[in-house]
Amino acid sequence: MRKFTTLMAAFAATIAVNAATVTWEGSNVTEVTNNENIDGVTFKVNDNISFTVDKGTASDDCIFRKNSTYPGLIVLRAHSTLTLKAENASITSVKFGINTTIGTSTSPNWIMTADGNQYNATNDTWTGDSSEIVFTVGKVTQILSMEIAYSVDEGGETPDPTPDEFKTAELFFNESQVASGTDAQNVKLSNNGVEIDFTSNSDNAQVDKSNGFFGTSESYETLQYRYRAGGKSSNGINSTNKGVITLPCDGTLYIYAFNNQSDDRDLQIIQNDITVFSHTYSASEAVNADNNASRKVYPVYSAELKKGTAYFLWPTNQLMLFGFKFEPEKSISTVVEEIEITDIKDMPAYDLMGRRVSDNYKGIVIQGGKKFIRK
């Protein structure tokens, strides 16, 4: 008697894709000239891929250099952005060719951030699956080339993504985002399809380095960068003090935040005009770490959110936000059962939606990991 292991899954239609790689070289650029301001300029890589340079809040203009010293490179300034877009395609990796004469391999002058991760001389290849990627510049970056891998939809039925296709997203503030005043009035986090955009009209907005400990007295995580978020946003989602989160699927959002001040402070999350999370943060929530009585550990709270957009509001004062984790809702496709059978025909049969069907069912069935047509 043979033994089989089967996966009970919600089967989705597949799409045909064609993987490709294209290289952009600064030396081939003809649409701009040496030392030309390229703020807002879009460069076409091929029919599927393009990228746009935006000065953002940088103090100096982004420029293109092409002369006897530089065969062609783009100079990005601190706080500027480079946005890659794919038309009828999805970008899967980006490898940068950088002018390494600025900085060193161990201490690169250039730093860019996307999806909450830094890219520099030790981590210079972005990988993922997205039709649009925004790289925010932390230090002056001079780009000579980009090698971009992408997939193109060749047609066929496009399935709605199931929760199992998404991964846990970690969205924590980092060194490249350290700023204060007007430079910190707009801060973005992005990872695994989850995006958060914080805005504030307060000059007191700030991202800085300060340890935060979250969990229980016995087990806790250490985070090193925080966003002093908020100020009153009592006029709701139209406020200029708020956070906007965009989610690719349903799931649970874990919130790493605390208040160490003498007065209590509130945080709310609104989705579809319904308050899905409301908590008054107090300094008294902290507990002492078992291994360090002087270390204060704060609890992690969670909210159940749906696919789409939700809003963070601060009805009273500001909070110390260290970041978030988003865990997609899981489906039954992760359930594995082991059964003993004498033949595939004795195995349970499922339709294309993953539902078990009887022996009298007509149509396409999944049985023993293979597809059959019952007539």
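The following exchange asks how the descriptions of this predicted model are justified.

Reader: What kind of model is this, and what are the ground rules?
Author: It is a predicted model, so local features need pLDDT of at least 70 and side-chain atom pairs count only at pLDDT 80 or more, while totals for chains, interfaces and linings use all residues. Residues are numbered from 1 along each chain as its sequence is written, and side-chain values use heavy atoms, with hydrogens and water left out.

Reader: How many helices and strands does the protein have?
Author: The count is 0 helices and 34 strands. Both are DSSP runs, numbered from the N terminus: helices are H or I with at least four residues, strands are E with at least two.

Reader: What makes S4-S5-S8-S13-S10-S11 an open sheet with edges?
Author: The 6 strands follow that order, with antiparallel pairing. Strand S4 (42-44) and strand S11 (117-119) each have a single partner strand, so one side of each lacks a neighbour in the sheet. On average, neighbouring strands are turned by 25° against each other, direction ignored. Axes here are lines fitted to C-alpha atoms (for helices, over the stretch in contact), and angles run from 0 to 180 degrees between N-to-C directions.

Reader: How do you know that S10 and S13 pair?
Author: Two strands pair if DSSP finds at least two bridges between them. Strand S10 (residues 111-114) and strand S13 (residues 132-139) are joined by 3 bridges and run antiparallel. The pairing therefore meets the definition. Within it, Thr113 stands opposite Thr136 in S13.

Reader: Which strands are the edges of the sheet S17-S18-S21-S28-S23-S24?
Author: That open sheet also has 6 strands and antiparallel pairing. Its edges are strand S17 (186-191) and strand S24 (274-281), each pairing on one side only. The twist averages 15° from one strand to the next. Inside the sheet, 5 bridges join strand S18 (residues 194-199) to the antiparallel strand S21 (residues 242-247). Ile196 stands opposite Ile245 in S21.

Reader: Why is Lys325 called buried?
Author: Buried means under 20% relative accessible area, exposed over 50%, partly exposed in between (1.4 Å probe, protein chains only). Lys325 has a value of 17%, so the residue counts as buried. Across the protein, 43% of the 375 residues count as buried.

Reader: What makes Glu170 and Lys325 a salt bridge?
Author: The term requires a side-chain nitrogen of Lys or Arg within 4 Å of a carboxyl oxygen of Asp or Glu. The N to O distance for Glu170 and Lys325 is 3.9 Å. The pair therefore qualifies. Glu170 lies in strand S15 (residues 169-172) and Lys325 in strand S29 (residues 318-328), 155 residues apart. Glu170 itself is partly exposed, at 41%.

Reader: What links Glu170, Glu221 and Lys325?
Author: A network of salt bridges links them. Lys325 also forms a salt bridge with Glu221, with the closest N and O atoms 3.3 Å apart. Glu221 is in strand S20 and Lys325 in strand S29, so the pair ties together parts 104 residues apart in sequence. Glu221 is partly exposed, at 30%.

Reader: How many salt bridges does the whole structure hold?
Author: The search finds 8. One of them joins the side chains of Arg226 and Asp208 at 2.9 Å, N to O. Arg226 is in strand S20 (residues 220-230), and Asp208 is in strand S19 (residues 206-215). Both residues are buried.

Reader: Why is Gln142 called buried, and what does its side chain meet?
Author: Gln142 has a relative accessible area of 6%, so the buried label applies. The residue sits in strand S14 (residues 141-153). Its side chain makes a polar contact of 2.4 Å with that of Asn99. A polar contact is a pair of N or O atoms within 3.5 Å; within protein, one must be able to donate a hydrogen and the other to accept it, and residues adjacent in sequence count only if both atoms are side-chain atoms. Beyond four places in sequence, Gln142 has contacts (heavy atoms within 4.5 Å) that include Arg65, Tyr70 and Leu73.

Reader: Where is Thr316, and what does its side chain reach?
Author: Thr316 is in the loop between strand S28 (308-313) and S29. Its side chain reaches the backbone nitrogen of Asp266 at 3.0 Å. The C-alpha atoms of Thr316 and Asp266 are separated by 5.6 Å, though the residues are 50 apart along the chain. Thr316 is partly exposed, at 23%.
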